[in-house]
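Notebook open, structure loaded. I want to go through ring pairs, helix packing and backbone oddities, and jot down what I find.

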Amino acid sequence: MTPGQKFRTALDAETPLQIPGTINAYTALQAQRAGFRAIYLSGAGVANASFGMPDLGMTSMTDVIADIQRITSIVDLPLLVDADTGWGHALSIDRTVKSFIKSGAAALHIEDQLAAKRCGHRPGKALVQTAEMVDRVKACVDARTDESFVIMARTDAIAGEGIDSAIERSLAYVQAGADMIFAEAITDPQQYQRFTSTVGVPVLANMTEFGKSPLLTTDQLAQCGVAMVLYPLSAFRAMSLAAEKVLHNIRETGTQSDSLDQMQTREQLYDVLDYHRYEQQIDRILKDQS
């Protein structure tokens, strides 16, 4: 089964399909152990965690591919990847899609912001014309070397143009071949209902913390007809705050001894990594060499 087929199978098995953000291979392992059926690599995750930069379109396709390969080499879960605006014109988008597929990704989403993009929950977003985004979607569809690879179109139109424009744009993107729609920065659950009853393809809800969208439960989203729910940086935010607290405590007290209850133990780490299996392989090699 291809990664794209795995993603579609997961979507059939769970409604809405929960998709947590995994900033690296280790977090992907944790998500797999937690029982998730699909995972996500966000542009913000790559920019923030891998490069220490804000999510303002400054990372490249090759930067993202490096993280895709690290994740897909260690887990079998289908991976949805943030492709930002595609990193260029139609030929660049063609290269992006082919490279993502070759690297083991199952799906991508591409958005209708200008190339100088902003976080979807920040003010000042500027969008390309619908026709240009349609060309982006068509370039993605034409580039597929695997028909099961999922092309998801993201619209950021709600914030600046309103719900009617966002739906109109989404219908054009679906007509161009988008398999699914990512409706960004929705502020009212009823807006999800309007999307899901109109666009005719699965719709993703982004439950990012501290943004414009209310944090709804899976039951609430299911009632609105939402097919997928994204938690793009939930684990990363928790990890970052925990690390910040521990580092400050070590600096201030001169020891980590009173922070141990906030840490994963060595055995817990080994369990996630299946450490002892690797060690046993080393033991067999050394025995064969003796």
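Entry 1, ring pairs. I started with W87, which is partly exposed, at 22% relative accessible area. I note that this is a predicted model, so every value here is computed from predicted coordinates. W87 misses the buried class because the cut-off for buried is under 20%. Next I checked F100, and that residue counts as buried, with a relative accessibility of 0%.

I then searched the whole structure for aromatic pairs and got 2. W87 and F100 make up one of them, with ring centres 6.1 Å apart. Their planes are 65° apart, and the pair is edge-to-face. I looked up where the two partners sit: W87 is in the loop between β3 (79-82) and α5 (90-102), while F100 is in helix α5 itself. They are 13 residues apart, and the pair links distant parts of the chain.

My other hit was Y270 with Y275, a stacked pair. Here I read 4.0 Å from centre to centre and 10° between the planes. Y270 is buried at 16% relative accessible area, whereas Y275 comes out as partly exposed at 30%.

Entry 2, charges over rings. I looked for arginines sitting on aromatic faces. R154 lies over the face of F182, 5.3 Å from the ring centre. I also noted R277, whose charged end sits over the ring of Y278 at 4.6 Å from the centre.

Entry 3, a helix pair. How are α3 and α4 packed against each other? I found an angle of about 85° between helix α3 (residues 43-51) and helix α4 (residues 61-72), with the axes 10 Å apart. The two are therefore roughly perpendicular to each other. From α3, the contact uses V46, S50 and F51; from α4, it uses D63, V64 and D67. I sorted these contact residues by type and got 3 nonpolar, 1 polar and 2 charged.

Entry 4, A139. I picked out this alanine in helix α6 (residues 130-143). A139 is buried, at 10% relative accessible area. Which residues does A139 touch, leaving aside neighbours within four places in sequence? I found A90 and I93. I also checked A139 against I186, 47 residues along the chain, and their C-alpha atoms are separated by 27 Å.

Entry 5, backbone oddities. Before looking, I reminded myself that most peptide bonds are trans and most residues other than glycine have a negative phi. I wrote down three exceptions.

- The peptide bond from T15 to P16 is cis, with omega near -10°. I placed P16 in the loop between α1 (3-13) and β1 (17-20).
- D84 has a positive phi of about 50° although it is not a glycine. I found D84 in the loop between β3 and α5, and this aspartate is buried, at 5% relative accessible area.
- F210 also has a positive phi, near 65°, and is not a glycine. Its place is the loop between β7 (203-206) and α10 (218-223).

Buried or exposed, I asked about F210? F210 is exposed, with 79% relative accessible area. I set that beside D84, which is buried.

Conventions. Residues are numbered from 1 along each chain as its sequence is written. This is a predicted model: local features need pLDDT of at least 70, side-chain atom pairs count only at pLDDT 80 or more; totals for chains, interfaces and linings use all residues. Side-chain values use heavy atoms; hydrogens and water are left out. Axes are lines fitted to C-alpha atoms, for helices over the stretch in contact, and angles run from 0 to 180 degrees between N-to-C directions. Angles under 35 degrees count as roughly parallel, over 145 as roughly antiparallel, 65 to 115 as roughly perpendicular and the rest as oblique. Contact means heavy atoms within 4.5 Å. Ala, Val, Leu, Ile, Met, Phe, Trp, Tyr, Cys and Pro count as nonpolar, Asp, Glu, Lys and Arg as charged, and the others, Gly among them, as polar. Rings of Phe, Tyr and Trp (its six-membered ring) pair if their centres lie within 6.5 Å; planes under 30 degrees apart count as stacked, over 60 as edge-to-face and the rest as tilted. Buried means under 20% relative accessible area, exposed over 50%, partly exposed in between (1.4 Å probe, protein chains only). A charge sits over a ring if NZ of Lys or CZ of Arg is within 6 Å of the ring centre and within 35 degrees of the ring normal.
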